[in-house]
Amino acid sequence: MKGGIHLVCGLDTSGRSALLNQYVSAPMHISKPWWDGGLLIVNAINSTAGLFSGDCIESTINIGPGAQMLLTSASASRAHRMPSGRAAVLQSIHVANDGWLEMLPSIFIPHAGSNYFQETSVLLDPGARFLSFETFTPGRVASGESWKFTRYENRFKLACDSRPVARETYSLTPDCPSVKALRDQFPAACHATCYAAGADFPDDLLAAISALHQPECWIGCTRLEAPAIAIRAVSADNIRLTKALTKIRHLLHAAFNRTVPALRRS
């Protein structure tokens with residue numbers, strides 16, 4: 001199945017962030033957007049059980065000047081067993097001057113035998129602000145399926161004012177050396193990556209994030225070119241990871257001088 005989401009968020013005639021253009025095709029679905037102050041919150045989900053072999057989801061997100069949007073999801077994303085082929089998710093993101101976008105999808109769960117590919121391209125104009133979180137669990141841990149997927153491949157690139165800021169490419173298989181080293185520490189390791197760009201990130205912020213490092217939840221933070229930082233977290237389980245990411249998210253919103261929005265309609 002091929003489908004996707006194409007959203008254009010801009011300011012309406014009253015100056016409020018709104019979806020000025022949208023196109024959604026199966027299996028994707030978005031709920032009715034709502035506002036938290038001047039922030040537009042959009043909840044996107046895969047309306048089926050998850051991704052199967054041959055599925056391709058293409059998403060295009062454009063944030064206009066001064067517009068603000070949070071794109072999140074209500075439940076975990078899943079890739080199911082694939083005897084052959086793979087599933088792919090392709091994402092293209094552009095944030096204009098003084099625009100704000102937070103990407104906060106729920107955790108990704110690759111089932112046993114799944115083969116998943118994801119590619120994300122982010123372009124930020126001068127003055128744009130961007131925050132993204134991505135979390136990964138090694139499978140249905142409670143069902144004894146840790147590290148039973150076939151392959152998980154991810155490509156990510158971030159550019160500010162057409163200047164490359166970050167490029168990340170990795171491919172995980174259950175028996176690759178990096179995974180073996182990780183499994184020696186945490187048999188059911190969960191993983192998260194965060195990128196933040198467009199604010200002043202003082203040294204004490206990076207120190208506060210690094211101070212969240214614990215024996216069963218490792219956290220690292222580094223500066224990138226342009227006003228941007230990257231954060232990586234690896235945890236023994238999803239509970240510890242979620243708690244750490246919640247604290248990190250609050251720290252980052254404070255750095256952006258923003259209030260952390262609610263993820264559910266009140």
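**Exercise 1. The enclosed space**

Take the largest cavity, lined by E134, T135, F136, Y152, N154, Y170, H191 and T193, and work out how much space it holds and which strands supply its wall. Keep in mind that you're working with a predicted model.

*Solution.*
- Step 1: start with the count. The structure has one cavity of 30 Å³ or more.
- Step 2: get the volume. About 40 Å³ of space lies in the largest cavity.
- Step 3: map the wall onto elements. Strand 13, strand 14 and strand 16 (190-197) each give two or more residues to the lining of the largest cavity. Strand 13 gives the most, with three residues.
- Step 4: sort by class. The lining of the largest cavity splits into three nonpolar, four polar and one charged residues.

**Exercise 2. The largest pocket**

Now turn to the largest pocket: find its volume, the residues nearest its centre and the strand that gives the most to its lining.

*Solution.*
- Step 1: the volume of the largest pocket comes out at about 840 Å³.
- Step 2: count 43 lining residues, and you'll find S77, V89, Q91, P105 and Q118 nearest the centre.
- Step 3: strand 13 (residues 129-136) tops the contributions to this lining, with five residues.
- Step 4: by class, the lining of the largest pocket holds 24 nonpolar, 16 polar and three charged residues.

**Exercise 3. The runner-up**

Repeat the job for the second largest pocket: which element gives the most to its lining, and how do the lining residues divide by class?

*Solution.*
- Step 1: this pocket contains about 440 Å³ of space.
- Step 2: its lining has 21 residues, and L104, P105, T242, L245 and L263 lie nearest the centre.
- Step 3: the elements giving two or more residues to this lining are strand 13 and helix 3 (238-255). Helix 3 gives the most, with seven residues.
- Step 4: the class split for the second largest pocket is nine nonpolar, nine polar and three charged.
- Step 5: look back at the two centres. P105 is among the residues nearest the centre of the largest pocket, and P105 also turns up among those nearest the centre of the second largest pocket.

**Exercise 4. Rings around F108**

Classify the ring pairs that F108 makes with Y116 and with Y152, then place them in their cluster.

*Solution.*
- Step 1: a search of the whole structure turns up 12 aromatic pairs.
- Step 2: take F108 and Y116. Their ring centres are 4.3 Å apart and their planes sit at 35 degrees, so call this pair tilted. F108 and Y116 are both buried.
- Step 3: take F108 and Y152. Here the centres are 5.6 Å apart and the planes are at 45 degrees, so this pair is tilted too.
- Step 4: check the sequence positions. F108 belongs to strand 11 (residues 108-110) and Y152 to strand 14 (residues 151-160), so the pair ties together parts that are 44 residues apart in sequence.
- Step 5: check burial. F108 has 6% relative accessibility, so it counts as buried; Y152, at 2%, counts as buried as well.
- Step 6: zoom out. F108, Y116, F136, W147, F149, Y152 and Y170 make up one aromatic cluster. F136, Y152 and Y170 also appear in the lining of the largest cavity.

**Exercise 5. Charges over rings**

Find which rings have the charged ends of R16 and R86 over them.

*Solution.*
- Step 1: R16 puts its charged end over the ring of W35, 3.6 Å from the ring centre.
- Step 2: R86 does this with F117, at 4.3 Å from the ring centre.

**Exercise 6. Hunting for disulfides**

How many disulfides are there, and why is C217 not bonded to C190?

*Solution.*
- Step 1: recall that a disulfide is a covalent bond between the sulfur atoms of two cysteines.
- Step 2: set the cut-off, which is a sulfur pair within 2.5 Å.
- Step 3: test C217. Its closest cysteine sulfur, in C190, is 9.7 Å away, so that's too far for a bond.
- Step 4: test C221. The nearest cysteine sulfur belongs to C194 and is 8.2 Å away, and C221 is in no disulfide.
- Step 5: the total is zero disulfides.
- Step 6: check exposure. C217 is buried with a relative accessible area of 2%, and C221 is buried with 19%. Buried means under 20%.

Technical notes. Residues are numbered from 1 along each chain as its sequence is written. This is a predicted model: local features need pLDDT of at least 70, side-chain atom pairs count only at pLDDT 80 or more; totals for chains, interfaces and linings use all residues. Side-chain values use heavy atoms; hydrogens and water are left out. On a 1 Å grid over the protein atoms alone, a cavity is a set of points where a 1.4 Å probe fits but cannot get out, and a pocket is an open set with protein on both sides within 12 Å along at least five of seven lines; lining residues have an atom within 4 Å of a point. Grid points are joined across faces, edges and corners, and a volume is the space filled by probe spheres set on the points. Helices (H or I, at least four residues) and strands (E, at least two) are DSSP runs, numbered from the N terminus. Ala, Val, Leu, Ile, Met, Phe, Trp, Tyr, Cys and Pro count as nonpolar, Asp, Glu, Lys and Arg as charged, and the others, Gly among them, as polar. Rings of Phe, Tyr and Trp (its six-membered ring) pair if their centres lie within 6.5 Å; planes under 30 degrees apart count as stacked, over 60 as edge-to-face and the rest as tilted. Buried means under 20% relative accessible area, exposed over 50%, partly exposed in between (1.4 Å probe, protein chains only). A charge sits over a ring if NZ of Lys or CZ of Arg is within 6 Å of the ring centre and within 35 degrees of the ring normal.
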